[in-house]
Amino acid sequence: FVDSVDIFVAVSNATRDVVVSHLPEVRDRVEVVYNPAAHRPWRYVSSLPERRGNYIFYAGSANSQKGPHILLRAFRLLREWGVDVELVMTGTAGTWVEALARRYGVEQEVGFLGRLPEGEYFRLMAGAGATVLPSVWSEPLSTVVVESISLGVLVVGSGLGGIPEIVDRYGAVVSPSPEKIAEAVANFLETHYDREDMRKYAFEKFSGGNVERFLSLLVSLVM
């Protein structure tokens, strides 16, 4: 089967490396084409807020692989350090994440939301002080990270999978531990950055040109 495949398309360099580690003989047939996710938030957000909100944004649902338990522990540390910030967690309302927050004594400072309409979701993301994604699994290519940077919001993410190659210089990549996450968030809440520059970076790397590249690969197979 492997010998009959002309091209393997990977959504990130991290994914390519996984493929090659298992199938070294296909190394020269793997092409990396990023998902064109940068434009999606701008269907709903017409402009960037003048000021960042005093909250951290989490969009990983109640899936434990996304690390909500790690973020809650990091958030408790931030509060213990005297950092005046709140936490908004989408996709967590009525789940075990709420119970864990009560156990940690931080439930009053956390907004637990369900699944939001896309317009509301992206406007909330655009106003955040930072987006945090403490995943404990190797995400191939996190669209949350792409969308956040597209909206000019710095990202604190785990150094697994494709997250590091998205974040680039627009955030921090750390081990998914409460201490490291908390330290990075505390630093970036005081960081000033060019949000328009972030948007341009996201559009250049994760936008429509990748669709054209994917189509050109398909055309090359039939020409």
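This briefing walks through the overall build of the protein chain and then through a handful of its residues. The model is a predicted one. Its secondary structure amounts to nine helices and eight strands. With a radius of gyration of 19 Å, close to the 17 Å that the globule rule gives for 223 residues, the chain is as compact as a globular protein of that length.

**Overall build**

- The C-alpha trace spans about 60 × 35 × 30 Å when laid along its principal axes.
- Of the 223 residues in the chain, 47% are buried.
- If you take the contacts between residues at least 6 apart in sequence, 66% of them join residues at least 24 apart.

**Surface and charge**

- The chain exposes about 11,000 Å², and carbon and sulfur atoms supply 50% of that area.
- There are 22 positive and 27 negative charges in the chain, and the mean positions of the two sets are 2 Å apart.

**Glu 139, in a loop after strand S6**

- Glu 139 sits in the loop that runs between strand S6 (130-133) and helix H5 (143-150).
- Is Glu 139 buried or exposed? Its relative accessibility is 5%, and buried means under 20%, so Glu 139 counts as buried.
- Which side chain does the side chain of Glu 139 meet in a polar contact? The partner is the side chain of Ser 135, at 2.5 Å.
- Setting aside neighbours within four places in sequence, Glu 139 is in contact with Lys 66, Leu 133, Leu 160, Gly 161, Gly 162 and Ile 163.

**Thr 143, in helix H5**

- Helix H5, which borders the loop of Glu 139, is where you will find Thr 143.
- Thr 143 has a relative accessible area of 33% and is partly exposed.
- Thr 143 and Arg 40 are 103 residues apart along the chain, while their C-alpha atoms are separated by 9.8 Å.

**Tyr 121, in helix H4**

- Tyr 121 belongs to helix H4, which covers residues 118-126.
- Tyr 121 counts as buried because its relative accessibility is 14%, and the cut-off for buried is under 20%.
- Not counting residues up to four places away in sequence, Tyr 121 touches Phe 57, Ala 59, Thr 90, Leu 116, Val 144 and Glu 147.
- Two of these partners can be placed by the element ranges: Phe 57 falls in strand S3 (55-58), and Val 144 falls in helix H5 (143-150).
- Tyr 121 and Gly 82 are 39 residues apart along the chain, and 28 Å separates their C-alpha atoms.

**Arg 16, in helix H1**

- Arg 16 is part of helix H1, which is made up of residues 13-22.
- At 29% relative accessibility, Arg 16 counts as partly exposed.
- The side chain of Arg 16 makes a polar contact with the side chain of Asn 13, at 3.2 Å.
- Beyond its neighbours within four places in sequence, Arg 16 has contacts with Ala 10, Val 30 and Val 32.
- How far apart in space are Arg 16 and Ile 181? From C-alpha to C-alpha they are 27 Å apart, with their positions 165 residues apart in sequence.

**Ser 207, between two helices**

- Ser 207 is found in the loop joining helix H8 (195-205) and helix H9 (209-222).
- Ser 207 has a relative accessibility of 12% and counts as buried.
- Once neighbours within four places in sequence are left out, Ser 207 is in contact with Pro 36, His 39 and Ala 202.
- Among these partners, Ala 202 comes from helix H8 (195-205).

**Positive phi in residues other than glycine**

- Ser 61 has a phi near 65°, a positive value in a residue other than glycine.
- Ser 61 lies in the loop between strand S3 (55-58) and helix H2 (68-80), and at 30% relative accessibility it counts as partly exposed.
- Asp 168 is not a glycine, yet its phi is positive, at about 55°.
- Where is Asp 168? The loop between helix H6 (163-167) and strand S8 (171-174) holds Asp 168, and its relative accessible area of 41% makes it partly exposed.

Notes. Residues are numbered from 1 along each chain as its sequence is written. This is a predicted model: local features need pLDDT of at least 70, side-chain atom pairs count only at pLDDT 80 or more; totals for chains, interfaces and linings use all residues. Side-chain values use heavy atoms; hydrogens and water are left out. Helices (H or I, at least four residues) and strands (E, at least two) are DSSP runs, numbered from the N terminus. The radius of gyration is taken over C-alpha atoms; the globule rule is 2.2 Å times the number of residues to the power 0.38. Buried means under 20% relative accessible area, exposed over 50%, partly exposed in between (1.4 Å probe, protein chains only). Contact means heavy atoms within 4.5 Å. Accessible areas come from the Shrake-Rupley method with a 1.4 Å probe; for residues, only the protein chains shown count as cover. Lys and Arg count as positive and Asp and Glu as negative; His and the chain ends are not counted. The place of a charge is taken as NZ of Lys, CZ of Arg, CG of Asp or CD of Glu. A polar contact is a pair of N or O atoms within 3.5 Å; within protein, one must be able to donate a hydrogen and the other to accept it, and residues adjacent in sequence count only if both atoms are side-chain atoms.
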